[in-house]
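Dear colleague,

Here is the structure I said I would pass on, followed by notes on what came out of going through it. Please read the notes with the model open beside them.

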Amino acid sequence: MEGVSVRKIKKFCVFCGANSGKDVAFVNAAFHLGEVLGKRKIDLVYGGGKLGLMGCVSTAVAQHERQVLGIIPSAFTINNLVGETCGKEIKVATMQERLVMMMELSDAFIALPGGFGTLEELFQMISWAQLNIHNKPIGVLNINGFFNGLLSFVDHAVKQEFITPRARKILISATTADELVDKLQAFRFESDPALSKLKWSPSSSQKEKLDLTLRL
């Protein structure tokens, strides 16, 4: 990364599946990502619990004595549905509140393989970046080509002029954890001149809480 200005990322938020997936490579990559974050002295924010890839990455970060924060809807804690969170835990009332808190408490975002929930979290962060709600880097760890189809779809949407080339740059991808973290640290946000004029403040929706329900 010589010659490139690197931002200081202290907390990564990781979105990933509560299942382990079919390929053992997903589990290995989740553990390795946690190890990379831990060795780089980076803390973790995630969705709480110990299931699937979420449990793998959080366990690996904790084993390197870094802080782990799980943000979890109270509904998931009934009957120990998702297992014990590795580290500190914050309970919230809704999924939306969870995502807003993840955004506020993190410096960057990584998505590992996962299902609809993971994809929702990933694209919500991308759309909020496009709307100038935040300017934090976002990336996917493309393990064994898991995100190839998604990345191809995004590029197709660019060709069809539903996503601008400028907005396309928001989503970063890499095939290894070290490469992805390096890319995210080097990321420089380029806001859309028109959307950069949007002003998001607590008074614009609710007195003490941002209304981030707007989606493209």
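The chain has eight helices and seven strands, where helices (H or I, at least four residues) and strands (E, at least two) are DSSP runs, numbered from the N terminus. This is a predicted model, in which local features need pLDDT of at least 70 and side-chain atom pairs count only at pLDDT 80 or more, while totals for chains, interfaces and linings use all residues. Residues are numbered from 1 along each chain as its sequence is written, and side-chain values use heavy atoms, with hydrogens and water left out.

Of the 216 residues in the chain, 45% are buried, buried being under 20% relative accessible area, exposed over 50% and partly exposed in between (1.4 Å probe, protein chains only). Among contacts with a separation of 6 or more, 71% join residues 24 or more positions apart, a contact being heavy atoms within 4.5 Å.

Most of my notes concern α1 (24–39) and its two helix partners. The axes of α1 and α2 (residues 52–63) come within 7 Å and cross at roughly 30°, which makes α1 roughly parallel to α2. Here axes are lines fitted to C-alpha atoms, for helices over the stretch in contact, and angles run from 0 to 180 degrees between N-to-C directions; under 35 degrees counts as roughly parallel, over 145 as roughly antiparallel, 65 to 115 as roughly perpendicular and the rest as oblique. The crossing of α1 and α2 is right-handed, meaning that the near helix is turned clockwise from the far one by less than a right angle (anticlockwise would be left-handed). Residues making this contact include Phe26, Ala30 and Phe31 of α1 and Leu53, Cys56 and Val57 of α2. By class, the residues of the contact of α1 with α2 are eleven nonpolar, two polar and one charged, with Ala, Val, Leu, Ile, Met, Phe, Trp, Tyr, Cys and Pro taken as nonpolar, Asp, Glu, Lys and Arg as charged, and the others, Gly among them, as polar.

The second partner is α8 (residues 177–186), which packs against α1 at an angle of about 50° with the axes 9 Å apart, so the two helices are oblique to each other. This crossing, too, is right-handed, and the contact is made by His32, Leu33, Val36 and Leu37 of α1 with Ala177, Asp178 and Val181 of α8.

Turning to α2 itself, its twelve residues reach 17 Å from first C-alpha to last, close to the 16 Å expected at 1.5 Å a residue, the expected span being 1.5 Å times one less than the number of residues. Nine of the twelve residues of α2 are buried, so this helix is largely enclosed by the rest of the structure; what covers those buried residues includes β1, α1, β2 (43–46), β3 (68–73) and α4 (95–105).

Ala18, in the loop between β1 (11–15) and α1, is partly exposed at 39% relative accessible area. Ala18 touches Leu51, Gly52 and Met54, leaving aside residues up to four places away in sequence, and its C-alpha is 5.8 Å from that of Met54, 36 residues apart along the chain.

Finally, some backbone angles deserve a look. Just after α2, Glu65 has a positive phi of about 60°. Asn132, between α5 (116–130) and β6 (138–141), has phi near 70° and is partly exposed at 25%, whereas Glu161, with a positive phi of about 65°, is exposed at 72%.

Best wishes
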